[in-house]
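Visitor: Please show me the complex, and let us test each term applied to it against its definition.

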Amino acid sequence: MRIGVLVKQVPATENVRIDEETGTMVREGVEAELNPLDLHAVEEAVRLKDRLGEGTEITVISMGPPQAQKAVRAAIAMGCDRGLLLSDRRFAGSDTLATARTLAAGVQKAGGFDLLLSGERATDGETGQVGPAVGQILGLSVLTFVSAVESAAKGSLVVRRAVEGGHERVEAPLPAMLSVVKEINTPRLCTLGGKIRAKKTEIPVLGADDLPIPPELLGLPGSPTKVVKVSYPQITRSGKKVAAADSLNGAVEEILSVLRGRGIV
Amino acid sequence: MNEEYRGVWTLSEVREGRIHPVSYELLAWGRDLADTLGVPLSAVLLGSGVTEQAPELIVHGADQVYVVDDPNLAHFKADSFSKTLAELVNRHRPEIFIASATSSGRTVMPVLYADLETGLTADCTELGIDTKERLLLQTRPAIGGNVMADIKTPLRRPQMCTVRPRSKKPLPPDRSRTGRIIAEKAVPGSLSSVMKLLEFLPEKNVGAPLQDAEVIVAGGKGMKKGANFALLEELAGLLGGSVGASRTAVDLNWAPYSSQVGLSGKSVTPKLYIACGISGAVQHLAGMSAADTVIAVNTDPEAPIFRVADLAIVGDVLEVIPALIGRLKS
Ligand SMILES: Cc1cc2nc3c(=O)[nH]c(=O)nc-3n(C[C@H](O)[C@H](O)[C@H](O)COP(=O)(O)OP(=O)(O)OC[C@H]3O[C@@H](n4cnc5c(N)ncnc54)[C@H](O)[C@@H]3O)c2cc1C
Ligand SMILES: Cc1cc2nc3c(=O)[nH]c(=O)nc-3n(C[C@H](O)[C@H](O)[C@H](O)COP(=O)(O)OP(=O)(O)OC[C@H]3O[C@@H](n4cnc5c(N)ncnc54)[C@H](O)[C@@H]3O)c2cc1C
């Protein structure tokens, strides 16, 4: 089986800045890491490879600046076989549709997969739209919020999906796109051997000219959504402190007044 | 050609054969948008045997309802639902199409917008109209709530977004409202799905699923023992809420995993979150800091949970909660 995993590099620190002009994230000079939720997608791919055995190969694909090869190597260190980086200035400013188009073209360049995995969402953009959009563009079965892969063989798979109030068991044909939730597994730590292998692995880089997408459908021009304004809200909580030891009744009254104020009682 | 696209649409959500109340929240948003633009508000209803419920959508603000009532649509599936919606959108051309940011909304809309090649804004908490440009103005938090972004889709149609549940109250039901219920057809190719729902495994929880709950009463290690969670269940029952838990409480088997809130559990956005004997570790805050209002009860005046609390009660949960229950009952 051929497995692909989409991983995104995200800013590690909380002090993310947005370019006020273009409404896109400033990535230069910000420490970056592999999106924490993508670790679960990588882990699931490696577990499937262990389960399915011989002939299973995992390719990691990322779109991002040249430094994003670090995220690809981090995934290889966990047990993926190959990497591919899509990097070009002309990809900058992509919204989720332009990102999905570019990634879908990258997947095709890599030869396509039986199973494509993504994280539930990236911790910066937080839309959770890229995975299902890539799946739709490539015509795959789209399965979101996957919390377990029960079986994957003979052209079909059975997964569990975490939805409101419980889990669905769903059967779907391969090839399929799965976006996975964090409850699916606990990601492994990478071994020293894995790190050495990752360091030695060559990561091919493809740019806009390598993909069959017209330039007007890439990057900022190819993005239907425009971020027109950003603001930094202060999470203000009134933080009123009341000691129950002084007066238990007083404390209860304070709670009741909040409940009334919010229309709950 | 954008002028061919007129009207505001909301996607109704059906769970277990019934219209889910988030559909009415969307109609409240949609009503504002449609009135500002001076266009009709239409609700889209997909399901099996759902036609008789369509008038409820009129009662809650829709001018018309497009219904596709077909046994193939009995259960939500990404492919059949998105193909059917694409057919309706291409037939009737709404300028705006909004859905709830629930598991099904966050699945079908990303598939649909990629098919239609338009823009999709995720998990909005505020919607408005830029009347000068006749554009939908979509506001959403990103980067862990550190940033609020205003987003527009200037050129492509429809302008699509998902909207965070509980970001608006439904309109009061108005039984005197009238509207049109329009039975729509979709081609067999749209209605068919490659997916098969084998089984639904419900969680054994008190109250509504955590992600839907308006009020969450959550307990941590400070509850001292599992039996004390009965207090939280009683309080949740009185407030019409559900019970949540910290990971420590779940690890101790005081509560099921399905009620765990936080990084390795659920992200919740209730109107009110009452944290009882929870210290407020970052991994816990990751799942609940987007709650509208937070009340925390903790014996430690320095507990980190107090930093995200609107009301901090320094005290013993085993005294405060029974006293609160007593007052609510009397
Ligand atoms: C404040 C702000 C708000 C935004 N809001 C929107 C919006 O509402 N709609 C919109 O269309 N765009 C929006 N964008 C743009 C969006 O963040 C970018 O397109 C981003 O590259 C991808 O979206 P995401 O971070 O939400 O990823 P998600 O869709 O949350 O990512 C889900 C998964 O897809 C995979 N993935 C995502 N990106 C990549 C990548 N570059 N390489 C490999 N795999 C990847 C990963 O597996 C990831 O876990 C916004 C940007 C900013 C700065
Ligand atoms: C990778 C990772 C993922 C994690 N994911 C999650 C997650 O999803 N959700 C989660 O919750 N945690 C998660 N954790 C664990 C988290 O770090 C904390 O350990 C956990 O949240 C603590 O639970 P607690 O607040 O119940 O217990 P404690 O931290 O032990 O706090 C108990 C609190 O109760 C107070 N208290 C004691 N007695 C009383 C009393 N009588 N009345 C009132 N207050 C009292 C104490 O002052 C203290 O503040 C994760 C950790 C890691 C490393």
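Visitor: What is the bridge partner of A:Val170 in β13(B), and what makes β11(A) and β13 of chain B a pair?
Guide: In this predicted model, B:Leu197 in β13(B) is the bridge partner of A:Val170. Strands are DSSP runs of E of at least two residues, helices are runs of H or I of at least four, and both are numbered from the N terminus. Two strands pair if DSSP finds at least two bridges between them. β11(A) and β13 (residues 196-202) of chain B have six bridges, in the antiparallel sense, so the definition of a pair is met.

Visitor: Why is the meeting of A:Arg169 and B:Glu199 called a salt bridge?
Guide: The term requires a side-chain nitrogen of Lys or Arg within 4 Å of a carboxyl oxygen of Asp or Glu. The side chains of A:Arg169 and B:Glu199 meet at 2.7 Å, N to O, and therefore satisfy that rule. Across the interface of chain A and chain B the rule finds five salt bridges.

Visitor: How is the interface of chain A and chain B described in terms of contact and buried area?
Guide: Contact means heavy atoms within 4.5 Å, and it takes 72 residues from chain A and 79 residues from chain B. Buried area is the accessible area (1.4 Å probe) that two parts lose on being put together, summed over both. Chains A and B bury about 6,400 Å² between them, with 59% of it on carbon and sulfur atoms. In chain A, the residues that lose the most area to chain B are A:Glu164, A:Arg169 and A:Arg237, together 12% of what that side buries.

Visitor: What makes the peptide bond between A:Leu174 and A:Pro175 notable?
Guide: Most peptide bonds are trans. The bond joining A:Leu174 and A:Pro175 is cis, with omega about -5°; A:Pro175 is found in the loop between β11 and β12 (176-180) of chain A. Another cis peptide bond joins B:Arg157 and B:Pro158, with omega about -10°, and B:Pro158 lies in the loop between β10 (147-152) and β11 (159-163) of chain B.

Visitor: What is the phi of B:Glu16, positive or negative?
Guide: B:Glu16 is not a glycine, yet has a positive phi of about 50°. This residue is placed in the loop between β2 (14-15) and β3 (18-19) of chain B.

Visitor: How confident is the predictor, and under which conventions are these values given?
Guide: The complex receives an ipTM of 0.90 and a pTM of 0.86. The pLDDT, the predictor's confidence in each residue from 0 to 100, averages 94 in chain B, where 99% of the residues score at least 70. Residues are numbered from 1 along each chain as its sequence is written, and chains are lettered from A in the order in which they are written. Local features need pLDDT of at least 70, side-chain atom pairs count only at pLDDT 80 or more, totals for chains, interfaces and linings use all residues, and side-chain values use heavy atoms, leaving out hydrogens and water.
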